[in-house]
Amino acid sequence: MGLPKILFIFLLLWLLIQSEATNADSDSLIDIGESQIHLSYQGKFSHKQKLMLNGWIEEMAQAVATIYGEFPLDKAKVKLVRSYSWREPVPWGEVVRWNSSQIVLHVNPSFSYQRIRADWTAVHELSHLLLPYVGSKNSWFSEGLASYYQNIARGKVGLLSERETFQKLFHGFRRGERNAQRRPIKLSEASSRRGNNMRVYWSGAAYFLNVDLKLRQESNGQQSLASVLKQYKKCCLPNHSVTAVWKVIDRLDDLSGSRIFSREYEKIINSKRFPDYEKSFEQLGIKTGWGGISFERDEKKAKFRRQFFEI
Ligand SMILES: [Zn+2]
């Protein structure tokens with residue numbers, strides 16, 4: 001080993017120690033109502049960038065808190081990892097569940113704040129906290145919930161318009177539908193096989209849209225997916241362990257005093273086709289076509305549609 005190499009290693013070590021040192025005192029706590037988010041950083045971020053990203057996480061967590069009026073966990077952890085990707089501001093995100101639930105987001109702070117807050121990843125990952133993880137074989141359920149709320153929650157706080165919200169859901173459903181047509185396998189098998197990502201994510205989102213709609217209709221507006229999830233928080237969170245999907249669905253049925261969660265589950269789980277979302281769209285006054293979606297001129301349906309965004 002020549003001298004330059006040794007010097008290089010020392011330099012690396014020094015940089016590592018430096019970054020650890022600056023990280024330790026840059027952790028911050030963000031209050032979201034009664035909940036607290038512990039935010040930490042990994043990699044090189046300037047003071048100014050950290051200020052911006054603190055505000056970003058607060059804004060995204062507030063969006064998730066509007067789903068049912070409070071943040072799903074009393075204590076949560078978020079770690080931001082420096083990304084240098086110029087493809088998108090937040091190229092990667094995940095939830096690491098081990099004794100606690102930590103959201104990890106890779107973010108390139110050189111993008112403008114406008115670009116960063118327009119990205120869906122943070123709201124998606126934070127929405128995962130609404131329910132426990134049900135395992136990779138049933139990832140359609142977890143990913144579906146997060147994909148549904150990444151749009152609805154952003155719509156609720158005005159990050160997306162009502163039209164953009166349903167447009168994004170529709171585009172997702174179309175991608176999922178095409179994926180299912182190309183690879184017609186049962187949804188129960190899709191999650192654990194490669195090449196079905198769009199099918200998995202958006203089948204789950206269609207499931208939760210259908211459940212949300214049915215809950216509202218059958219309870220005459222007394223219930224919604226959000227109101228049942230809020231009850232679930234009270235009885236069953238935090239839960240950082242893998243929990244069987246049927247257990248979660250059973251509990252959600254019990255809490256809602258209905259069989260809507262299991263009924264909708266049985267409709268899609270052994271089907272090779274993408275779940276039917278057209279009926280729900282029809283009842284919400286959403287028409288679809290080549291150009292995307294448009295709204296029917298029907299005041300009753302428009303009122304029903306707006307209920308999905310009420311805080
Ligand atoms: Zn996800």
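**Entry 1: strand pairing**

I start with a term: two strands pair if DSSP finds at least two bridges between them. I note too that the model is a predicted one.

I looked up strands β4 and β5 with that in mind. β4 covers residues 92-97, and β5 covers residues 101-107. Six bridges join the two strands, and the sense is antiparallel. I picked out one position: Val-96 has Gln-102 of β5 opposite it.

Next I followed the chain from β4 into β5. The two strands make a hairpin, with three residues between them. Asn-99 sits in this loop. I checked its backbone and found a positive phi of about 65°, although Asn-99 is not a glycine. Is Asn-99 buried or exposed? I count Asn-99 as exposed, because it has 7 C-beta neighbours inside 10 Å and the limit for exposed is 12 or fewer.

**Entry 2: the sheet**

I then traced the sheet as a whole. Five strands form an open sheet in the order β1-β2-β3-β5-β4, and the pairing is mixed. Which strands lie at the edges? They are β1 (28-32) and β4, each paired on one side only. From one strand to the next, the twist averages 25°.

I also looked for a helix against these strands. Helix α2, residues 47-65, lies across β1, β2 (35-42), β3 (75-82) and β5. I read its angle to β1 as about 30°.

**Entry 3: two domains**

I turned to the domain assignment. It gives domain 1 as 27-130 and domain 2 as 136-307. Their C-alpha centres are 23 Å apart. The contact between them draws 20 residues from domain 1 and 19 residues from domain 2.

I asked which elements of domain 1 supply its side of the contact. Among them are α2 and α4 (121-127), each with at least two residues there. I sorted the residues on this side by type: 10 are nonpolar, eight polar and two charged.

**Entry 4: Tyr-207**

I moved on to helix α8, residues 197-218, where Tyr-207 is placed. Tyr-207 counts as buried because it has 24 C-beta neighbours inside 10 Å, and 20 or more is the cut-off.

What does Tyr-207 touch, leaving aside neighbours within four places in sequence? I found Gly-144, Glu-264, Ile-268 and Pro-275 in contact with it. I also checked Tyr-148, which is 59 residues from Tyr-207 along the chain. Their C-alpha atoms are 9.1 Å apart.

**Entry 5: two loops after α8**

I looked at the loop between α8 and α9, where Asn-220 is found. Its phi is near 60°, a positive value in a residue other than glycine. With 7 C-beta neighbours inside 10 Å, Asn-220 counts as exposed.

The loop between α9 (225-236) and α10 (245-256) holds Pro-238. I checked the peptide bond from Leu-237 to Pro-238 and found it cis, with omega near 5°.

**Entry 6: the whole chain**

I closed with the chain overall. I listed 13 helices and seven strands. The C-alpha trace spans about 70 × 40 × 40 Å along its principal axes. The radius of gyration is 21 Å, which agrees with the value near 19 Å for a compact globule of 311 residues.

I noted that 40% of the 311 residues count as buried. Last, I checked the contacts between residues at least 6 apart in sequence: 66% of them join residues at least 24 apart.

Methods. Residues numbered from 1 in each chain as written. Predicted model: local features only at pLDDT ≥ 70, side-chain atom pairs only at ≥ 80, totals over all residues. Helix = DSSP H or I, 4+ residues; strand = E, 2+ residues; numbered from the N terminus. Axes fitted to C-alpha atoms, helices over the stretch in contact; angles between N-to-C directions. Contact = placed C-beta atoms within 7 Å. Domains from an automatic or database assignment. Nonpolar A, V, L, I, M, F, W, Y, C, P; charged D, E, K, R; others polar. Rg over C-alpha atoms; globule rule 2.2 N^0.38 Å.
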